[in-house]
Structures are given as C-alpha cells and as structure tokens.
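I opened this notebook to record what I looked up in one structure. The entries follow the order in which I examined the topics.

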Amino acid sequence: MKKKPKEVIAKGLSLPRDVVFGDFIITLTGNCEAYIENYKGIVSYDENKISIQGNHVILNICGCDLAVDFYSQESMKIKGKIKRLEYV
C-alpha cells in the first residue's frame with residue numbers, strides 16, 4: 001500500500017501524528033472524565049451525547065449526566081458517566 005506524503009514526512013521527521021494530522025488526543029480517567037485536545041468545536045451537546053468536531057472526523061461521547069467541565073481553544077474536559085466513544 002502506498003503511503004501518503006504527510007505520512008512519509010511524519011515518519012521521516014519522527015513527528016507525532018497529532019502534530020501532522022491534527023488528530024484528537026483523548027485522555028480518559030476511568031469512565032467518568034475525558035480530556036480532549038486538538039478539537040475544532042462542539043457540534044452538539046446534551047446530557048447523553050456530546051459531539052465534537054475534529055479535523056477529519058466527529059467524535060461522539062455517549063453516556064449519562066455528561067457536562068463540559070471546562071473548555072479553551074485547545075482543550076476541554078467532559079465529566080459524567082462515559083459509556084462509549086464513537087468516530088463518525
């Protein structure tokens with residue numbers, strides 16, 4: 001399979017994927033907290049699902065009693081009972 005130019009550059013320069021492609025960085029603490037970096041915006045938000053726009057994908061965080069604890073231009077923290085993460 002032929003690699004894309006960005007993949008070759010990232011590997012050749014030993015750069016992390018999140019830097020080159022703008023991928024999400026997701027840190028989960030159990031099932032009650034998610035720390036998300038490299039997001040573009042919040043698409044939708046309710047207590048059962050929060051949809052977050054990334055560079056190439058939407059991340060759905062599904063669960064119960066979900067709430068955005070804090071957010072900035074670079075990162076956000078979501079609290080609640082997290083049941084699953086979905087990439088759309």
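Entry 1, strand pairing. I first noted the meaning of a term: two strands pair if DSSP finds at least two bridges between them. I also recorded that the model is a predicted one. With that rule in hand, I looked up strand 3 and strand 4 (residues 49-53), and found that they pair in the antiparallel sense over 4 bridges. I then took one residue from this pairing: Ile42 has Ile52 of strand 4 as its bridge partner. As general background, I wrote down that the strands of a sheet pair through backbone hydrogen bonds, either parallel or antiparallel.

Entry 2, the whole sheet. I traced an open sheet of 6 strands, in the order 1-2-6-5-4-3, with antiparallel pairing. Strand 1 (25-29) and strand 3 (41-45) are the edge strands, as each pairs on one side only. I also noted that neighbouring strands of this sheet are turned against each other by 45° on average, with direction ignored.

Entry 3, the nonpolar core. Which residues touch the most other members of the largest nonpolar core? I found that they are Ile36, Ile52, Ile61 and Ile78, in a core of 13 residues. Two or more residues each are given to this core by strand 2 (33-37), strand 4, strand 5 and strand 6 (75-87). Strand 5 supplies the largest share, 4 residues.

Entry 4, Ile61. I located Ile61 in strand 5 (residues 58-71). Is Ile61 buried or exposed? Its relative accessibility is 0%, so Ile61 counts as buried, the cut-off for buried being under 20%. Leaving out residues up to four places away in sequence, I listed its contacts, among them Ile36, Ile52, Leu66, Ile78 and Leu85. The polar or charged names in that list include Asn48, Lys49 and Arg84.

Entry 5, Ile78. I compared two positions: Ile61 and Ile78 lie 17 residues apart in sequence, and their C-alpha atoms are 8.9 Å apart in space. With residues up to four places away in sequence again left out, Ile78 touches Ile50, Ile52, Ile61 and Val68, among others.

Entry 6, Asn60. I found Asn60 in strand 5 as well. Asn60 has 6% relative accessibility and therefore counts as buried. What joins the side chains of Asn60 and Ser51? I recorded a polar contact of 2.6 Å. Beyond its neighbours within four places in sequence, Asn60 is in contact with residues including Lys49, Ser51, Arg84, Glu86 and Val88.

Terms used. Residues numbered from 1 in each chain as written. Predicted model: local features only at pLDDT ≥ 70, side-chain atom pairs only at ≥ 80, totals over all residues. Heavy atoms only, no water. Buried < 20%, exposed > 50% of the residue type's maximum accessible area, 1.4 Å probe, protein only. Contact = heavy atoms within 4.5 Å. Polar contact = N/O pair within 3.5 Å; in protein donor to acceptor, adjacent residues only side chain to side chain. Axes fitted to C-alpha atoms, helices over the stretch in contact; angles between N-to-C directions. Core = buried A, V, L, I, M, F, W, Y, C linked by side-chain atoms within 4.5 Å.
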